Amino acid sequence: MILVFGSNHRVTGDESMETLVDVTGDPIADMTPLWAEPAVVPVSFCEPCVPAEAKPTTLNIGEFTLRPYGTVWSDLVYATSRTVPGRFALWVASEEDQGEPALELDARRSRIGLEVAGPQIDWCGGMDTGARFEVDFLGNFTTDNQPDVRLRHVYWEAKNDRNRVLGGQTWDVVSPLIPNTVNFSISWAAGNVGFRRNQFRWERYISSGATTWTLQAAIAQNVIQDLATGFSSTGVTRETGDWPMIQARSAVTFDDIAVGGNTMILGVSGHIGETGFDFATGHPANPALGPEDDVRLRTWSFNAEARVPLTQRWSVQGEFFTGSNLSNILGGIAQGVCPCLRVPIRSTGGWGELTYAWSPKLSSHVGYSIDDPNDNDSLIGRTKNDVIYANCIYRVSDRLTTGLEVSSWKTEYHNRTDEPGFTFVDAPTAPGEAVLVDWTVRYTF
């Protein structure tokens, strides 16, 4: 189940996205200080849920080995101004709509899953088979303490040290790095792109001893996020096109540049696809628009990624993206298509993060993330969203981790419907600004 985002219309509390929401030789001597301790691995909240040092319980049934796992995850978030959707932050609501502070406690991001290891098959010289099923509790709900289940991962795979094939729902191929934020939404709609969807994927690993070259390609589901709620969705039918989204990635892992448990990675990725709509009526803001059938709008992106270990304690990572109609990979501040103009919205952004590992149990992360849609591609909506954050994450034990983060958010808005040729529609123009304090506790099993 993929996010359902609103379009370029006035955001209200009733239009929050509750269906949302989650690759990473010898050290370089001249980059390692004399006081550095060996292999200080930064603590983070990234996948997988079960720490590598934990010893999971398995169950053998015939040729299959089953390993259940899960995370009990609870957050307390204070925001000086209300964010959307509220229990975590994607952007800040305009002060014209909200502006008041909010305190939220939420445990619906907790999850359970099952990994399955199966028998080998004879493909490509022998491949191990397996599957994964994982859900959380961020589906539709009656009240906050009565949530529904939401599907996160469900896929099968066959792999060896040279190849991998996969079918089912899991992470996108594009932009795979994850910032180490305590905020549950990990800077989606604020500079970090890529989510989960159904796909058929092939991967190839080419090792030269010092480096490993990873090639990935997938045909994937075209997810249509836009025009789902609000007045702009009136008379709009979302529909799939006649060809899938195509995703690809090429990345090099420098196996001999590994410091403090981090390995250097450089990569590029991208996607191309389309979203479709039937418009039964025009739009209130644009009298020139009328009914239109089978509208097809291209979606594409180009992305770059880097993770660089500096010393045993210091490392940096980040991603860059640019493209058009990016709401389906959580770009464009969750805006892919302008309903007032019926054009795709171009957007550029990215994020960068500096990590310092104080000890094997404690690390700090400071980062900046930005998503900047092209103002000329929309009449109303969000035009810029950025966040700067700093946190400390502490591993109490192999199973229990906690973290505290302070972040500063700003979301900008515009309304061009008062320009000649358009009909004025009330929409916010004042920015939304908020400081968030987020405390989280995760227990894995």
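**Exercise 1.** In this predicted model, Arg108 is buried, and so is Asp106. Find what contact their side chains make, and give the N to O distance.

*Solution.* The side chains of Arg108 and Asp106 form a salt bridge, at 3.0 Å from N to O. A search of the whole structure gives 22 salt bridges.

**Exercise 2.** Determine where Glu134 and Arg152 lie in the chain, and whether they are buried or exposed.

*Solution.* Start with the contact: Glu134 and Arg152 meet through their side chains in a salt bridge of 2.5 Å, N to O. Glu134 belongs to strand β7 (residues 128-136) and Arg152 to strand β8 (residues 150-159), so the pair, 18 residues apart, links distant parts of the chain. Both residues are buried. Salt bridges with shared partners join Arg132, Glu134, Asp136, Arg150 and Arg152 into one network.

**Exercise 3.** Classify Glu115 and Arg67 by relative accessible area, after locating their salt bridge.

*Solution.* The closest N and O atoms of Glu115 and Arg67 are 2.6 Å apart. Glu115 sits in strand β6 (residues 111-117) and Arg67 in strand β2 (residues 64-79), 48 residues apart. Buried means under 20% relative accessible area. Arg67 has 16% and is therefore buried. Glu115, at 27%, is partly exposed.

**Exercise 4.** Locate Pro339 and state its burial.

*Solution.* Pro339 lies in the loop between β17 (337-338) and β18 (343-344). Its relative accessible area is 2%, so Pro339 is buried. The C-alpha atoms of Pro339 and Pro284 are 9.8 Å apart, with the two positions 55 residues apart in sequence numbering.

Definitions and conventions. Residues numbered from 1 in each chain as written. Predicted model: local features only at pLDDT ≥ 70, side-chain atom pairs only at ≥ 80, totals over all residues. Heavy atoms only, no water. Helix = DSSP H or I, 4+ residues; strand = E, 2+ residues; numbered from the N terminus. Buried < 20%, exposed > 50% of the residue type's maximum accessible area, 1.4 Å probe, protein only. Salt bridge = Lys/Arg side-chain N within 4 Å of Asp/Glu carboxyl O.
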